[in-house]
Amino acid sequence: MPPGGWCLLCFGLVLSSVCASAESAAPSNLTTAPLNVLLIIVDDLRPSLGCYGDKLVRSPNIDQLASHSLLFQNAFAQQAVCAPSRVSFLTGRRPDTTRLYDFNSYWRVHAGNFSTLPQYFKENGYVTMSVGKVFHPGISSNYSDDSPYSWSIPPYHPSSEKYENTKTCRGPDGELHANLLCPVDIADVPEGTLPDKQSTEQAIRLLEKTKTSTRPFFLAVGYHKPHIPFRYPKEFQKLYPLENITLAPDPEVPAGLPPVAYNPWMDIRQREDVQALNLSVPYGPIPVDFQRKIRQSYFASISYLDTQVGHLLSALDDLQLANSTIIVFASDHGWALGEHGEWAKYSNFDITTRVPLMFYVPGRTAPLPEAGEKLFPYIDPFSSVQELMEPGRQVTDLVELLSLSPTLAGLAGLHVPPRCPVPSFHVELCREGQNLMKHFQVEDVEGDPHLRGNPRESIAYSQYPRPADSPQWNSDKPSLKDIKVMGYSIRTIDYRYTVWVGFSPHEFLANFSDVHAGELYFVDSDPLQDHNMYNDSQGKDLLQHLMPF
């Protein structure tokens, strides 16, 4: 059977059964055919994209999608680590509700039998499919990517995924290593392919199958890059000569940063090429020449990712599905590239919580394509002629990834789940995030200033756990039982305020009277968040007006 053949066989069987029974489940409030959904989830991608103003990174295919989309400039993850973030935005609940702060529990058993975004679409007549890393694999999704609840057919994982952290990186000594920096010749790696390439190919096969279906589809495609190790086709390195790579604008650990807020990036320290640097723990620093190489490989990984997104969207175009498919592009969280002396996620700073988020909605964010017109022709990032593409309409209000579930339901014409009561552990279907539908009402928003809202009222919350007040070996990814401190962070248009408080892992309770440390950064005067004003008189004046979390 060919790669993905089992999923394709299941797909055919599911379609026949769904078609027979879906009429009663299909949304009754629609007068036209329901829109399909293509949800693209990327791993560890900060907004280092042309459409977000990055002039170095080549991301022409994602930029092209942005030119037809509503782009959110200030979208924030609820926890800057993979499993908790994905479970949060796919269930529409905050980490304190899913009770997942690490990788070691399944929310349906551990917290509550919460419905998921794909499950809701499945229950409303959609054929739901998962390709690549959508849910985080392992116990946090019950070793099944939450099947069969969320998916109509078994989720697909690339066969080459298992080699990601093995010795496949050829070093200067000619030997294979498990390195952080891992540009490869695809012909030389196991199976002669890479996971994201396989995911694109499988997603296209599934799209081809949907062409003959009368049922709408919900296809989630999860890409691995630019997650470490930076394992990508070596030709993409040529896009980023080292002499063009700048360092982070604030590469030092801020003097006023409380130790509890720092993460010691232990995961990259485990890579052979980083081990060879003999770095001091916990603060480093990494030698400047190696910093440039890390940044080069991160950007090269983005351009490789961009080609995969480009091939996927081009296939959607070729299959004439672009006029009937909502496309969402998002990342689970960001990644620090030397900012604050950090080289990972695992914090509450903007650099790790701010993510790209864009929605293409046919006929709403862009005109419907004419017959034969292509909205998403593939663009080669190696082309010497790069057309400058402006993003579509942009929203500067602060929003949360948590809003993905209700917003996507509303855009597809489904009933938007109600707001969750407090507590909501007993409620299967509800949402804790805002519905962002108002931002898609272009005519009404422009004509009615009340619908535009006040950007100063937009708020995003994030949080991060720590096992101790000072950096230690498990500060980045503490297991639940080891969590002693939780950093709760509120981001407004004017400031980011974080309070680190005592936390009981047994009761899942934060003690806001037990304050271990605090951070306060004013965005206008300190956009990089390097000067902690928590103990400054100006900061204390503001804090007097802030309510506890």
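**Exercise 1. Which residues of α3 are buried?** Work from the predicted model, then decide how enclosed the helix is.

*Solution.*
Step 1: Set the cut-off. A residue counts as buried when its relative accessible area is under 20%.
Step 2: Go along the helix. Cys82, Ala83, Pro84, Ser85, Arg86, Val87, Ser88, Phe89, Leu90 and Thr91 are buried.
Step 3: Draw the conclusion. Ten of the ten residues of α3 (residues 82-91) are buried, so the helix is largely enclosed by the rest of the structure.
Step 4: Look for what does the covering. The buried residues of α3 pack against β1 (36-42), α4 (95-98), α5 (107-110), α6 (117-122) and α12 (404-411).
Step 5: Check what comes after the helix. Gly92 follows α3, and its phi is positive, near 75°.

**Exercise 2. Explore the nonpolar cores, beginning with the largest.**

*Solution.*
Step 1: Recall the background. In soluble globular proteins, nonpolar side chains tend to be buried together.
Step 2: Find the best-connected members. The largest nonpolar core has 84 residues, and Ile40, Leu219, Ile294 and Phe329 touch the most other members.
Step 3: Ask who contributes. Helix α10 (residues 288-318) supplies the largest share of this core, with 13 residues.
Step 4: Look for another core. Apart from the largest one lies a core of 45 residues, among them Leu100, Tyr120, Phe121 and Phe359.
Step 5: Zoom in on Ile40. Leaving out residues up to four places away in sequence, Ile40 touches Val221, Tyr223, Val309, Leu312, Leu313, Ile327, Val328, Phe329 and Ala330.

**Exercise 3. Work out how the open sheet of four strands is put together.**

*Solution.*
Step 1: Write down the order. It goes β12-β13-β14-β15, and the pairing is antiparallel.
Step 2: Spot the edges. β12 (460-466) and β15 (509-522) each have a single partner strand, so one side of each has no neighbour in the sheet.
Step 3: Add the twist, which averages 20° from one strand to the next.
Step 4: Pick a pair. β14 (residues 495-504) and β15 run antiparallel and are joined by ten bridges. One example to find: Thr498 has Glu519 in β15 as its bridge partner.

**Exercise 4. Decide how compact the chain is for its length.**

*Solution.*
Step 1: Take stock: there are 15 helices and 15 strands in the chain.
Step 2: Compare two values. The radius of gyration is 23 Å, close to the 24 Å that the globule rule gives for 549 residues, so the chain is as compact as a globular protein of that length.
Step 3: Add the burial figure: 61% of the 549 residues count as buried.
Step 4: Check the contacts. Among those between residues at least 6 apart in sequence, 74% join residues at least 24 apart.

Methods:
Residues are numbered from 1 along each chain as its sequence is written. This is a predicted model: local features need pLDDT of at least 70, side-chain atom pairs count only at pLDDT 80 or more; totals for chains, interfaces and linings use all residues. Side-chain values use heavy atoms; hydrogens and water are left out. Buried means under 20% relative accessible area, exposed over 50%, partly exposed in between (1.4 Å probe, protein chains only). Helices (H or I, at least four residues) and strands (E, at least two) are DSSP runs, numbered from the N terminus. Contact means heavy atoms within 4.5 Å. A nonpolar core is a set of buried Ala, Val, Leu, Ile, Met, Phe, Trp, Tyr and Cys residues joined through side-chain atoms within 4.5 Å. Two strands pair if DSSP finds at least two bridges between them. Axes are lines fitted to C-alpha atoms, for helices over the stretch in contact, and angles run from 0 to 180 degrees between N-to-C directions. The radius of gyration is taken over C-alpha atoms; the globule rule is 2.2 Å times the number of residues to the power 0.38.
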